[in-house]
Amino acid sequence: EWPETGRLALYLLGLRATCHPPDHGAQRSLVTWLKFYLEKDWAGSRHHGHPLTSHYQYGLGVLALCVHRKRVREEVIHRLLAAEHHGRFGHVGGNATDTAAVVALAFTCLEQQRLVGARLAAKLRAATRQARGRMVEEQGPDGFIGNVYSTPWAMQVFIATNSCRTQPAYGRAMAALLENLDAFTTTATMAQALPVLHGRSYLDIASMHCQEELDTLTPVSPEPRAEVLGNITVRLVVECPKPWCPQHQLYDQLVPAPAGASLLDVLRVATTLGSHNFTFETRDTSQGPFLSQVMGLEAQQKKRSYWQLLTAPSTSLQMGEWWSQGRCGGVPSSPHSRSPTAVPLSAGVADYRPGDGETLILRLSEW
C-alpha cells in the first residue's frame, strides 16, 4: 500500500488548529504512524528518485510533526534539504511553487520551534531565504506566484518569516488573491487561503494556547438583529462605461425599502418596480452572494470585469481596514469600513445596510 503521508499530515494539522481535546494515546499513535510513513515513503526514493508520494506530501509530514512539536530525525530533514538544493521540486513546464512553499514552512517551523541544532537551523534558514527569493522571481504580472492555488502557500512563507510587510510581492499577491476568491471552492483550497486572509500561516497553530481558545467546532449563534421600524428611500444608480455601453447611466431611480434592509433587499425591491425594468442575478460563493449580472450585463472573469458597489460619490462599499491581529493584516473586516488601501471583494451585497437618502451605485468595472 502507498503511504498516507499527506492525508495523515493534514489530519494532524487540523486536530491542532481546532484545539481538539487531546486523546494522548490516540494522538501519540497518529504521530508514530506519520513518522513510519515518512520512512516508508522515502523507501521509494531508491527506485524512483523521489518519495513514493511526492516531496509536497513529504514536506507536509515534516510540517505536521513540527507543529505538534515533535522532533524529526535529522536524516529526514537532510533529505528535503538535498532535494531543495538540487532543484528536485520542479516538474515539466515549471517550478512546483506549492511544494517549495510547504517545505520552506517546514524548515521555518523546525527553526522557530528550536527542534534542530544551531548549525542545521542556519542551513534551514538559508534554504528558506533562497526559496522565498525564487518565489519573488516567479511572480507573474497577474500577481500570482505559480498559480492561483499555490499563491496562498507562497504567501504563508512570507508571513511565517516576517517578510510580508517589507516584500512588495506579498502585497501584489494579496491583491490577486482577493480578486480571485471564487477559485477557492473546496475545503482543501479554502484551508490554504483562509489563514492568509487573516494574516496567518500554518505555523501560528503551533503556538496556540488551546486552553484559552473557544471550541472552534461549536457553531456560534449570532445575536438576533434588533428590529428597526419604519422605511427608508435609497437612490439606486446603474453605470456602465464605454465601450461596453453606449449609454453610461442605465438606471437611476428612488427605491423604497424597510429600515435596516440590506443592499440585496433593496435590489429585490427594485425588481418589483415594474415600469423601470430593473433586473439582477447573484451566485452563491463562500464569501456570500456575488453580484454577477445587472440589467442583462454579466461580470466576466475573462474580460476582467465585475460589478463594483459604491456609495456616492465614489466610495467602495467593500473597502475595509486590514485586520490587525495577524502579523501581515488580513482581509477587510467590515463592508462598512472605508480604507483606500484595501482591494474590493466580490461579496458584501447581503451585508451592507444603506441609510435613508443614500445613493448606491452599481458600476461595471475592470480589475
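This is a stop-by-stop tour of the structure you have open, with something to select at each stop.

**Starting view**

Begin with the whole chain in cartoon, and keep in mind that this is a predicted model. The protein chain holds 11 helices and 8 strands. Of its 367 residues, 47% count as buried. If you look at contacts between residues at least 6 apart in sequence, 64% of them join residues at least 24 apart.

**Stop 1: Ala-9 in helix 1**

Select residues 5-17, which form helix 1, and pick out Ala-9 within that helix. Is Ala-9 buried or exposed? Ala-9 has 0% relative accessibility, so this residue counts as buried. Now add Leu-34, Leu-60, Gly-61 and Ala-64 to your selection: these are the contacts of Ala-9 once neighbours within four places in sequence are set aside. For Ala-64, try a distance label: its C-alpha atom is 5.3 Å from that of Ala-9, although 55 residues along the chain separate the two.

**Stop 2: helices 6 and 7**

Next, colour residues 97-112 (helix 6) and 118-138 (helix 7). Their axes are 9 Å apart, and the two helices pack at an angle of about 150 degrees. Angles over 145 degrees count as roughly antiparallel, which is why helix 6 is described that way relative to helix 7. Their crossing is left-handed.

Show side chains for the contact itself:

- From helix 6, take Thr-97, Ala-100, Ala-101, Ala-104, Phe-107, Thr-108, Leu-110 and Glu-111.
- From helix 7, take Ala-121, Leu-124, Arg-125, Ala-127, Thr-128, Ala-131, Met-135 and Glu-138.

Colouring this set by class gives you 10 nonpolar, 3 polar and 3 charged residues.

**Stop 3: the loop after helix 7**

Follow the chain from helix 7 towards helix 8 (151-160), and stop in the loop between them at Val-148. This residue is buried, with a relative accessible area of 14%. Beyond its neighbours within four places in sequence, Val-148 is in contact with Asn-180, Ala-183 and Phe-184. You can also draw a C-alpha to C-alpha line from Val-148 to Ala-193: the two are 10.0 Å apart in space and 45 residues apart in sequence.

Asn-147 lies in that loop between helix 7 and helix 8 too. How accessible is Asn-147? At 40% relative accessibility, Asn-147 counts as partly exposed. Asn-147 is also one of the positions that UniProt, in an unreviewed entry, lists under the feature "binding site". To see the full annotated set, add Thr-53, Ser-54, His-55, Tyr-56, Gln-57, Asp-98, Gln-192, Trp-307, Gln-308, Leu-309 and Leu-317.

**Stop 4: helices 8 and 9**

Now select helix 8 together with helix 9, residues 168-179. The two axes come within 10 Å and cross at roughly 145 degrees. This crossing is left-handed. Helix 8 brings Thr-151, Pro-152, Met-155, Phe-158 and Ile-159 to the contact, and helix 9 brings Tyr-170, Ala-173, Met-174 and Leu-177. By class, these residues divide into 8 nonpolar, 1 polar and no charged.

While you are here, click on Asn-162 in the loop between helix 8 and helix 9. Its backbone deserves a look: Asn-162 has a positive phi of about 55 degrees although it is not a glycine.

**Stop 5: Ser-262**

Jump ahead to the loop between strand 2 (249-258) and helix 11 (263-272), where you will find Ser-262. Ser-262 is buried, with a relative accessible area of 4%. Which residues does Ser-262 contact, leaving aside neighbours within four places in sequence? Select Val-349, Ala-350, Tyr-352, Arg-353 and Pro-354 to see them.

**Stop 6: strand 4 and the turn beyond**

Finish with strand 4, residues 288-294, and select Ser-292. Its relative accessible area is 9%, so Ser-292 is buried. Not counting residues up to four places away in sequence, Ser-292 touches Glu-281, Thr-282, Arg-283, Leu-297, Glu-298, Ala-299 and Trp-307. Trp-307 also appears among the UniProt "binding site" positions from Stop 3.

Last, step on to Met-295, in the loop between strand 4 and strand 5 (297-298). Met-295 has a positive phi of about 50 degrees although it is not a glycine. With a relative accessible area of 24%, Met-295 is partly exposed.

Key
Residues numbered from 1 in each chain as written. Predicted model: local features only at pLDDT ≥ 70, side-chain atom pairs only at ≥ 80, totals over all residues. Heavy atoms only, no water. Axes fitted to C-alpha atoms, helices over the stretch in contact; angles between N-to-C directions. Helix = DSSP H or I, 4+ residues; strand = E, 2+ residues; numbered from the N terminus. Parallel < 35°, antiparallel > 145°, perpendicular 65-115°, else oblique. Left-handed = near helix turned anticlockwise from the far one by under 90°. Contact = heavy atoms within 4.5 Å. Nonpolar A, V, L, I, M, F, W, Y, C, P; charged D, E, K, R; others polar. Buried < 20%, exposed > 50% of the residue type's maximum accessible area, 1.4 Å probe, protein only. UniProt positions renumbered as here; feature names shortened; annotations may be inferred.
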